[in-house]
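Dear colleague,

I am handing over the structure we spoke about, and I would be grateful if you could look through it alongside the notes in this message.

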Amino acid sequence: MVASPPPANLLLAIPVPPPNQSPPPGPPVPVQQPTEVGRFSYDDAGAFHPDARSLRHWYPPTVIPVMDAGAREAGPPGVPLDRAPVPPAEARDQVDLNGQFEAYDPNVGNGIEPLDNLLRGLVAHGQWTHESGAPGISLVTWRGILTKLLVAPYNDRDEWELGAVYHRGTLFLHEHVTASQTRDRDAQRADPRRARMTFWGYRFESLSVLPSPPSTLPDLPAALRARVATPVNQHAQFCSVVRTKLGAHRVLVGAEVDCADSNGTYVELKTHRLGAHPRAHAGWRAKLLRVWAQSFLAGVPTVAVGFRDDDGIVRAVVRYRTLELPRAVRGAHDAWDPQLCLRFAADAVDRIVAAVRDASSSGSEGEAGHPRAFTIRFSPRTRAVHVLHTPGGTGDPTAPAPGCRRVLPDWFLAGASGPEEE
């Protein structure tokens, strides 16, 4: 079989190492502990605010066990919890993830987030100034995009595509909607079971948090009843902006955060099916890779997993320490290696930044004064990340909305602090 010739607009191809390959010898990849440098919120109507008003507070249901990973009753962290007591019938509504499902609209939320509000947060918190940019920062993006690079060596299923521009010494990355993502989204929305299971994740979050620290609430029982009776709000969310380092590059990353505990420490919330079958174990370890990557990048130290049965009833909650997750899978035949992930991601960022920077400085400006645009694609079939010149200088025309077609919005390039000042 003759290999297809590379695209004429190919700038760079980065081979992705196979999952069974050991990291190359050498010191560990330099990674800096993420430091929070900004916060912003979306309120119940989805409006942006440069503050923490939508930060929620961890308070799990009290009618089921809440355990720490490694405890005898929780079992080893490398396998999913396989059994837990059935909650009492009179308290079932506190842990039933089906509650308020009739008010759920699968068409709200879940869309790919453009960079606009992350950029507003950077400007509001002084991390980007229109006089000097962000000195010393190589990359600005969302956490989910860096997660894609981290887990690429173990990704044998999902393709993805990014838009990229180099502006005032910094690379900016956002995500494009691919045809396969659109097909999967439409199939999920058309499948009642998949739609319900997606809702279960949102519902677990709403049943595990309160709008204020529990110690400050004048009537805690009333607040707990209210969260059971309140539909899931798909607009409200809280985001943290962190500065970290990956290899040779300092990056600014925006990340949605589920909640904070009583010490103000962030907690990631997930759900997973109770399961004892070996195939369930493999799926759990693959999930732990993404959970580790997401939480590690944002500096979230704790992950709380609600283990549910097939009827959507949460039977127990287990807390995991993010930095201990790699050790939990060590020795399994399908274990993943965090150093392989970090080495590939650091190398990919290094090469992408250099390639886009050099091509931007030597090429013409993009459309309507925008920086020259590039497209970054990954396909499990080719096992490579491809960086390409974007024809015409704009982002991918299949992006979901005009605001997503260009990586950087007009107001940002014009020196305003938000779209209302254009």
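What follows is a summary of the findings, taken topic by topic. Please keep in mind throughout that this is a predicted model.

**Cavities**

The search for enclosed space comes to three cavities of 30 Å³ or more, and the largest cavity has a volume of about 50 Å³. Its lining is made up of Lys270, Thr271, His272, Trp284, Lys287, Leu288, Val291, Val303, Val305, Tyr320 and Leu325. Two or more of these residues come from each of the elements β13 (266-273), α6 (278-298) and β14 (302-308), and α6 gives the most, with four residues. Sorted by class, the lining of the largest cavity holds seven nonpolar residues, two polar ones and two charged ones.

**Salt bridges**

The count of salt bridges comes to 18, and a few of them are described here. Asp68 and Arg319 meet through their side chains in a salt bridge, with an N to O distance of 2.8 Å. This pair links distant parts of the chain, since Asp68 belongs to strand β5 (residues 66-68) and Arg319 to strand β15 (residues 314-321), 251 residues apart. As for accessibility, Asp68 counts as partly exposed at 42% relative accessibility, and Arg319 is likewise partly exposed, with a relative accessible area of 28%.

A second salt bridge joins the side chains of Arg194 and Asp184, at 3.1 Å from N to O. Arg194 lies in helix α4 (residues 192-206) and Asp184 in helix α3 (residues 179-190), so the pair ties together parts that are ten residues apart in sequence. Arg194 is partly exposed, with a relative accessible area of 29%, and Asp184 is also partly exposed, with a value of 41%.

A third pair sits within one element: Asp347 forms a salt bridge with Arg351, and the closest N and O atoms are 3.9 Å apart, which can be set beside the cut-off of 4 Å used for a salt bridge. Both Asp347 and Arg351 lie in helix α8 (residues 338-362), where they are four residues apart, about one turn of the helix. Asp347 is partly exposed, with a relative accessible area of 35%, and Arg351 is partly exposed as well, with a relative accessible area of 31%.

Salt bridges also link Arg143, Glu268 and Lys270 in a network. Lys270 appears here for a second time, as it is one of the residues that line the largest cavity.

**Helix α1 and the nonpolar cores**

Helix α1 (residues 116-124) is largely enclosed by the rest of the structure, because eight of its nine residues are buried. The buried residues in α1 are Asp116, Asn117, Leu118, Leu119, Arg120, Gly121, Leu122 and Val123. After α1 comes Gly126, whose phi is positive, near 70°.

The largest nonpolar core has 60 residues, and among these Leu171, Trp292 and Ile376 touch the most other members. The largest share of this core, twelve residues, comes from α8, the helix that also holds the pair Asp347 and Arg351. If neighbours within four places in sequence are left aside, Ile376 is in contact with Trp160, Glu161, Leu162, Ala164, Leu173, Ile352, Val385, His386 and Val387. Apart from the largest core lies another core, of 25 residues, which includes Val37, Trp142, Ala373 and Val407.

**Backbone angles to check**

Two residues other than glycine have a positive phi and may interest you when you go through the loops. Gln100 has a phi near 70° and lies in the loop between β5 and α1. Arg383 has a positive phi of about 55° and is found in the loop between β16 (373-379) and β17 (384-389). At 23% relative accessibility, Arg383 counts as partly exposed, because a residue is called buried only when its relative accessible area is under 20%.

With best regards

How values were computed:
Residues numbered from 1 in each chain as written. Predicted model: local features only at pLDDT ≥ 70, side-chain atom pairs only at ≥ 80, totals over all residues. Heavy atoms only, no water. 1 Å grid on protein atoms, 1.4 Å probe; cavity = no way out; pocket = protein on both sides within 12 Å on 5 of 7 lines; lining within 4 Å. Points joined across faces, edges and corners; volume = space filled by probe spheres on them. Nonpolar A, V, L, I, M, F, W, Y, C, P; charged D, E, K, R; others polar. Buried < 20%, exposed > 50% of the residue type's maximum accessible area, 1.4 Å probe, protein only. Core = buried A, V, L, I, M, F, W, Y, C linked by side-chain atoms within 4.5 Å. Contact = heavy atoms within 4.5 Å.
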